[in-house]
Amino acid sequence: MLEFNPDIILGIGGGCILDNTKIARVLYENNEEELSASLKNISVRNLDPKSKLVLIPTTCGTGSEASTVAVVKDVNKPNKIPLVSDAFVPDVVILDPTLLLTLSPYTTAYTAIDALTHAIESYCSRLTNIFSESCAKIAAQEIVRNLERSIEKQDNLIFKEKLQIAAFNAGVAQNATSVGAVHAIAHALGAHLGVPHGIANSLVLSSVLNFNAKFSTKVEEFIKIIGFSDMSQFSEWLLKIRKLADLPSGWNFYCAPGKLFDLEKIAQTALEDICMKTNSKNLTLEDVVTILKDTKT
Ligand SMILES: [Fe+2]
């Protein structure tokens, strides 16, 4: 990019691609070749940027196109680091549902569950507010209405469009409030074992919500808003979606046979994740280890 000198930068892909594009654009604007130089102060220092950033998502999940966050992996540590900066806000977002038509039921399911998790965790976040709540509600309602039929009728453009707009709205909600323990644990499972983000969320979502529901009425309130009578009905629906899309039944699926892993280390990484700070309840190491054990197989 530094050699080519583009005036428009397009990010087309899933969340990882969009996040990388955001970071590359900041480095390009600041004439830097390595992220390490920018880690402490991420901004576009040039007030008259050379380039416009255009983001085009090809999944229905991450909401990266709607957020000020870009997640990177520190190669020297088992952590994924969410970088936050207004410099990551795109100039243009294009939501084109035809790009989702080739998305498999598997990827449709786990990316949409990621978006649903953004909505739920945003609504229950310590930073929740009237603006974010309205985005979270409409996003989650549309995902619950359209996910199953979108998996069953893969080529239906209307269902895909609804999921895509819901993912954007969930991204806006998430951006206003951050998320919570589901994401913190998912980031840790991704960093230690390579569990893909949306799949990690789908595995721990019910377990974390059951923990949080003991201490906050917001969980039950939101579950009812999106059409379920209680947490157990929501958990049954989530399990049905996971089976329909053939998602793994536990994070153990990603552990190489015989490979040793330390549950307490994974839990400790989750507790240090910035998303844990906005969870409605302060989870202990023991709580996170229990959630990890519950969701292993
Ligand atoms: Fe996410």
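1. Domain bounds here come from an automatic or database domain assignment, and for this protein chain, which is a predicted model, that assignment gives domain 1, covering residues 8-93, and domain 2, covering residues 104-294. Taken over C-alpha atoms, the centres of domain 1 and domain 2 are separated by 23 Å.

2. Where the two domains meet, 15 residues of domain 1 are in contact with 24 residues of domain 2. On the side of domain 1 that touches domain 2, the residues divide into four nonpolar, eight polar and three charged.

3. The sheet is an open one, formed by three strands in the order 1-2-5 with parallel pairing. Strand 1 (8-13) and strand 5 (92-93) stand at its edges and have a single partner strand each, so one side of each is left without a neighbour in the sheet. Strand 2 (residues 52-57) runs parallel to strand 5 and is joined to strand 5 by two bridges, and in strand 5 it is valine 92 that stands opposite valine 54.

4. Helix 1 (residues 15-29) should be viewed together with this sheet, since helix 1 lies across strand 1 and strand 2, and runs at about 160° to strand 1.

5. Turning to the helices that follow, helix 2 (residues 105-124) and helix 4 (residues 157-177) have axes that come within 8 Å and cross at roughly 40°, and the crossing in which helix 2 passes helix 4 is left-handed. Helix 2 contributes Ala112, Ala115, His118, Ala119 and Ser122 to the contact, while helix 4 contributes Leu163, Ala166, Ala167, Ala170, Gly171, Ala173, Gln174 and Thr177. By class, the residues of this contact of helix 2 with helix 4 comprise eight nonpolar, five polar and no charged.

6. Helix 4 also packs with helix 3 (residues 130-152), at an angle of about 150° and with the axes 8 Å apart; that angle makes helix 3 roughly antiparallel to helix 4. Helix 3, too, passes helix 4 in a left-handed crossing. The residues that meet include Phe131, Cys135, Ile138, Glu142, Asn146 and Arg149 in helix 3, and Phe159, Lys160, Lys162, Leu163, Asn169 and Val172 in helix 4. The contact of helix 3 with helix 4 divides into 14 nonpolar, five polar and four charged residues.

7. Read side by side, the residue lists show how helix 4 serves both contacts: Leu163, Ala166, Ala170, Ala173 and Thr177 are among the helix 4 residues in the contact with helix 2, and these residues are also among those that meet helix 3.

8. Further along the chain, helix 6 (residues 197-213) and helix 8 (residues 231-244) pack with their axes 10 Å apart and at an angle of about 175°, which makes helix 6 roughly antiparallel to helix 8. Ser202, Leu205, Ser206, Leu209, Asn210 and Ala213 of helix 6 make this contact with Met231, Ser235, Leu238 and Arg242 of helix 8. The contact of helix 6 with helix 8 has, by class, five nonpolar, four polar and one charged residues.

Definitions and conventions. Residues numbered from 1 in each chain as written. Predicted model: local features only at pLDDT ≥ 70, side-chain atom pairs only at ≥ 80, totals over all residues. Contact = placed C-beta atoms within 7 Å. Nonpolar A, V, L, I, M, F, W, Y, C, P; charged D, E, K, R; others polar. Axes fitted to C-alpha atoms, helices over the stretch in contact; angles between N-to-C directions. Left-handed = near helix turned anticlockwise from the far one by under 90°. Pairing = 2+ DSSP bridges. Parallel < 35°, antiparallel > 145°, perpendicular 65-115°, else oblique.
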